[in-house]
Amino acid sequence: MSDRGDPVDGTGVGAATSADQSGFERPGEVPLLEMRGLTKRFPGVVANDKVDLLLYEGEILGLLGENGAGKSTLVKMLFGIHEADEGTILFRGEELKPSDPGDAIDKGIGMVHQHFQLVPPLTVAENIVLGAETTRAGGFMNRRAAEARVRELSRQYGLDVDPTDVVGDLPVGIQQRVEILKALYRGAELLILDEPTALLTPQETDELLAIMRDLAADGVGIIFITHKLREILAVTDRVTVLRRGKSVGRTLTADATTESLAEMMVGRSVVLSVEKPPREAGEAVLSVNDVQVRDDRRQLKVKGASFEVRAGEILGIAGVEGNGQRELVEAITGLRSIVSGNVSIDGQEVVNRPRKVREMGTAYIPEDRERDGLVGPYSIADNLVLTHYYEPPFANHGVRDFEEVDKKAELLVERFDIRTPDIHTPVKSLSGGNKQKVIVARELSDDNTLVVASQPTRGIDVGSIEFIHSQLIAARNEGLAVLLVSAELDEIFSLSDRIAVIYEGRIVAQRDPAATTREEIGLLMAGGEVREDSAA
Amino acid sequence: MPLLAVAFGLIVGAVLIVVSGDNPLVAYRAMLEGSLGGSDAIGRTLEKATPLVLGGLAVAFAFKAGLFNIGGQGQLLLGAAFSAWVGFNFDLPAVIHIPAALIVGGLAAAILGGLAGLLKATRGVHEVISTIMLNFVAANFTEWMVSRDGPWKDPEGGAIARTPLVQDSADLPRIAGLPTGFLVAVLAAVSIWWLVNRSTLGFEVKTVGSNPKAAAYAGISVTRIIVITMGISAFLAGLGGAIQTLGVNGRFEPGFQTGLGFDGITIALLARTNALAVIPAALLIGAMDAGSTLMQARTNVEPEVINVIQAMILFFVAAPSVVRWILQLSEAEDVDTGVDLATGWGTT
């Protein structure tokens, strides 16, 4: 504890690390959680290196760090998934050494994983009591008691759920509440939320942040893992920043700014707002005319969308997820058939053949990189040629040329700063940011005329976001037409030359970013009053 | 890991032999002699291993695209029947006759497999279901072709349902005592290995198998790849049937070697779906089959013990955690089979 204030960080940017901050420690009060010099080594890496952490009852601690900084490892030690090699964990002043998650739960620690651990066909109540059911004679579950208990908890903490709903039918934000209730049902006094906002819409995020404040007010301690600085500043009481396994900064949130946190996280100053020289847009490259598209359940999801993207401009499509963005983008890139209307690229009509659309000069960064954009078990090299493997120089007459593939891969890994030991490393072992860099490298290294980027920075670290933003801007500056689809308003505003808002499958408004506000766009995204377009 | 599985299989077999009152050393020695002792024994092993190599390749190759072809039995029967037809019905020089009979047999099977692929790719019919069903179609179709009123019935066969013997020019010869069919099988294994690892088609097949969504994203026609993969897979199984007909049986008789198609699954798993590793895996199982006769002659061990040993080997290959538990290996040691039996289910 005594060395807490020492500058752990050699680069000197951990300026906010301070013992002299008033209120950082509260003498006389036993912290809810304290970690001292926690170290965890895996073969070849030190995942956590003497990490210290302090949290009082009723506080929210932001655990900040890039992907691979050791956030998950740290909380896994707390939750009994990993065992610490060195250091101690004190929970309410007593040493805590959970042997497994069950033990950690018994001791009052709850965790909501990024990927929910729910059983979709079961009801909310069944999911919450699962494994800790109250049973009647004969081993039957007492459903009514469970539902009553869930109602009570949900009232107590202001977490609005219906215990009889089937979990699989619920939106992500509500499923998350079920996860939180599950932890509270088991008596959690300390709640770990692992990247809880990664999958949420802006509205759901706001609701979650409000719930977190309520829980803290009720005395629950919360560890909030994220790499979204705005959320940290909005809701936490104190922040611990991890970088390469070390705690490089610990501060009260009140003493922190976006810039200071970003700097601690990345280890250098970060350009959060993007330099974007003014540029006159050219001819229309992509034109979308009254397009209708169906989703996987054959429902009409895009109900007549029209817009243009011109050479040398970024058109940002803002919208809450699930308003037809995915279907629209897949129709443009040839992955989904168009019911009516048409899409053309450089005057050529798009057909339902992705390879044809690519060959027309389209680069596509898909929203779900793991699902669509990468083949996990394949090497980085194979992933870097995933869309060009069949043509020279990477293949001749159906025979692959591995030398050429490797040459290209070496080049791109270097140019796009993909952090990997080797181009033959399986891509699934990379961090989220580096995975996305593989896709961006592949897509932006060709001669194209159109870039379709869907949620290009979702769930990745600040450093990678900065890099990918600069690449998109560079593409625009070179005269490419860029279609950016994003649920992040910050991203839309900092990159777009024009903003279009999609709501329930229609483009409801187009705006000039300089002549609109976050509030107006947010309102339009939520289906608010549509005024006459002020022709962007 | 597969070696450990084999060792465990033999140990379990030894226990069974002891229980049935025999000396496992004597039994295994007889099995070894019957499969490797002398050129006759080796020839027998190679002959047994040939359809196993091809059946194993068929399953292993389909696995690469995430498909589970368990229609090997039906595909093998079609390959056998059609190669027999080419063999007895035409009079051609051997250099044309043999390849023609092999290829026609393979193609007949490929059509059957391609059909299962087409059903999967366009209508979402799971290939496990369709290939099992098509096994019955193929078995009954070929049986009818050689039955009393069937067009390919051997007129001299009396009541026996079978085709006439193939012409001498379609007879697969032995070269230096080695069955030519085995060489064809090895050639097929090398070709498949090359296809999977060096060609763009192989890359497409593996991409569809690893992540069909990403394959579509990359511009690969998933439909086309599924049909082609099932076709090639079935071609291999059909080739196995054709070689068996031209090189061993000399004619087609329904119901021969039943179960052979399913041994392909064992082989493919044992080889971890690696085309080259299929060869030693098939040789192992082939040697056990070949050696079982002598083992039976020398001891009172029932030949079913061999089946138990093979089943145990498969069991240990498919359940690496059991082996890990027995040996108390640490988790860090990679004992993954590299084969996910669940793939194929739920992938469209």
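This is a working chat about a predicted model, covering two sheets, a helix and a few unusual backbone spots.

User: What ground rules apply to this model?
Analyst: It is predicted: local features need pLDDT of at least 70, side-chain atom pairs count only at pLDDT 80 or more, and totals for chains, interfaces and linings use all residues. Residues are numbered from 1 along each chain as its sequence is written, while chains are lettered from A and ligands numbered from 1 in the order in which they are written.

User: Start with the sheet holding strand 7 of chain A. What is the strand order?
Analyst: The order is 6-7-8-3-9-10 in chain A, an open sheet of 6 strands with mixed pairing. Strands are DSSP runs (E, at least two residues), helices are runs of H or I of at least four, and both are numbered from the N terminus. Two strands pair if DSSP finds at least two bridges between them.

User: Which strands stand at the edges?
Analyst: Strand 6 and strand 10 (246-252) of chain A. Each has a single partner strand, so one side of each is left without a neighbour in the sheet.

User: How many degrees of turn between neighbours?
Analyst: On average 20 degrees, direction ignored. Axes are lines fitted to C-alpha atoms, for helices over the stretch in contact; angles run from 0 to 180 degrees between N-to-C directions.

User: Is strand 7 of chain A covered or exposed?
Analyst: Mostly covered: 5 of its 5 residues (190-194) are buried. Buried means 20 or more other C-beta atoms within 10 Å of the residue's own; exposed means 12 or fewer, and partly exposed is in between, with C-beta atoms placed from the backbone.

User: Which residues point which way there?
Analyst: Leu190(A), Ile192(A) and Asp194(A) point one way from strand 7 of chain A. Leu191(A) and Leu193(A) point the other way. In a regular strand, side chains alternate between the two faces of the sheet.

User: What does Ile192(A) sit across from?
Analyst: Its bridge partner is Met111(A), and Ile192(A) also stands opposite Ile223(A) in strand 8 of chain A. From strand 7 the chain crosses through helix 6 (residues 202-217) to strand 8 of chain A, a right-handed β-α-β crossover. Right-handed means that, with the strands pointing away from the viewer, the path from the first strand over the helix to the second runs clockwise.

User: How many bridges on each side of strand 7 of chain A?
Analyst: 4 bridges join it to strand 6 (residues 109-112) of chain A, and 5 join it to strand 8 (residues 221-226) of chain A. Strand 7 runs parallel to strand 6 and parallel to strand 8.

User: And strand 3 of chain A, how does that pair with strand 8?
Analyst: In the parallel sense, over 5 bridges. Gly62(A) stands opposite Phe224(A) in strand 8 of chain A. Helix 1 (residues 71-78) of chain A packs on this sheet, with its direction at about 150 degrees to that of strand 7 of chain A. Contact here means C-beta atoms, placed from the backbone, within 7 Å.

User: Switching to helix 4 of chain A. Which residues are buried?
Analyst: Ala146(A), Val150(A) and Ser154(A). Seen down the axis of helix 4 of chain A, they fall within an arc of 65 degrees, so they line one face of the helix. The arc is that of the directions from the helix axis to the C-beta atoms.

User: What do they pack against, and what is exposed on the other side?
Analyst: They pack against helix 3 (124-129) and helix 5 (172-185) of chain A. Arg144(A), Glu152(A), Arg155(A) and Gln156(A) are exposed on the other side. Gly158(A) follows helix 4 of chain A, with a positive phi near 65 degrees.

User: Where is the cis peptide bond?
Analyst: From Pro392(A) to Pro393(A), with omega near 5 degrees. Pro393(A) is in the loop between helix 12 (380-384) and strand 17 (395-396) of chain A.

User: Which residues other than glycine have positive phi?
Analyst: Among them are Arg92(A), at about 50 degrees, and Thr273(B), near 60 degrees.

User: Buried or exposed?
Analyst: Arg92(A) counts as partly exposed, with 16 C-beta neighbours inside 10 Å. Thr273(B) is buried, with 23 other C-beta atoms within 10 Å.

How values were computed:
Two residues are in contact if their C-beta atoms, placed from the backbone, lie within 7 Å.
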